[in-house]
Amino acid sequence: HTLRLIVDTHAEGQWSDEAASSLADVSANICRWALDGRALLLASQQKAMLDEIESHEQLIGKLETSHRRKLADSHARAFEAEQELARMHLAMKRQSEEQRAAVQAHMSEMRKER
């Protein structure tokens, strides 16, 4: 009805107040629909961005967990290596003391034989 009124009025070459008002209503509705459409598009884009952010946060969480696990494993291996090094040091020290004692015993034996 509104569009017909506008077309008829325009065809007659004159604008009535009712036609002008109807044109303003149509224009306002078109603007409202455009804004509603834009709002829906923006909401959809925002949802997609939030989903992507959430996905990235989950990936970051998994990477952090993996990194912590690898770091803990590295610390454990370093501790084991340190313990092994300490055992080797003690074994070498013990062996050195045993060799020194053996040499001293041998020297003492040689002195007695003279």
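Colleague: In this predicted model, what is the N to O distance in the salt bridge where the side chains of glutamate 64 and arginine 68 meet?
Modeller: A salt bridge here is a side-chain nitrogen of Lys or Arg within 4 Å of a carboxyl oxygen of Asp or Glu. Glutamate 64 and arginine 68 are four residues apart in helix α2, and so about one helical turn separates them. Their side chains meet in such a salt bridge, with an N to O distance of 4.0 Å.

Colleague: Is arginine 68 buried or exposed?
Modeller: Buried means under 20% relative accessible area, exposed over 50%, and partly exposed in between (1.4 Å probe, protein chains only). Its partner glutamate 64 has 39% relative accessibility and counts as partly exposed. Arginine 68 has a relative accessible area of 53%, and therefore its class is exposed.

Colleague: Which residue forms a salt bridge with lysine 47?
Modeller: The partner lies four residues from lysine 47 in helix α2 (residues 17–113), so the two are separated by about one helical turn. The closest N and O atoms of the pair are 3.0 Å apart. With 37% relative accessibility, the partner counts as partly exposed. The residue is aspartate 51.

Colleague: Where do glutamate 84 and arginine 87 lie, three residues apart?
Modeller: The side chains of glutamate 84 and arginine 87 meet in a salt bridge (2.9 Å, N to O). Glutamate 84, at 37% relative accessibility, is partly exposed, and arginine 87, at 48%, is also partly exposed. Being three residues apart, they are separated by about one helical turn, in helix α2.

Colleague: How many helices does the protein chain have?
Modeller: Helices (H or I, at least four residues) and strands (E, at least two) are DSSP runs, numbered from the N terminus. Residues are numbered from 1 along each chain as its sequence is written. Local features need pLDDT of at least 70, side-chain atom pairs count only at pLDDT 80 or more, and totals for chains use all residues. The secondary structure comes to zero strands and a helix count of two.

Colleague: What percentage of the residues of the protein chain count as buried?
Modeller: The protein chain has 114 residues. The share of them that count as buried is 4%.

Key
Heavy atoms only, no water.
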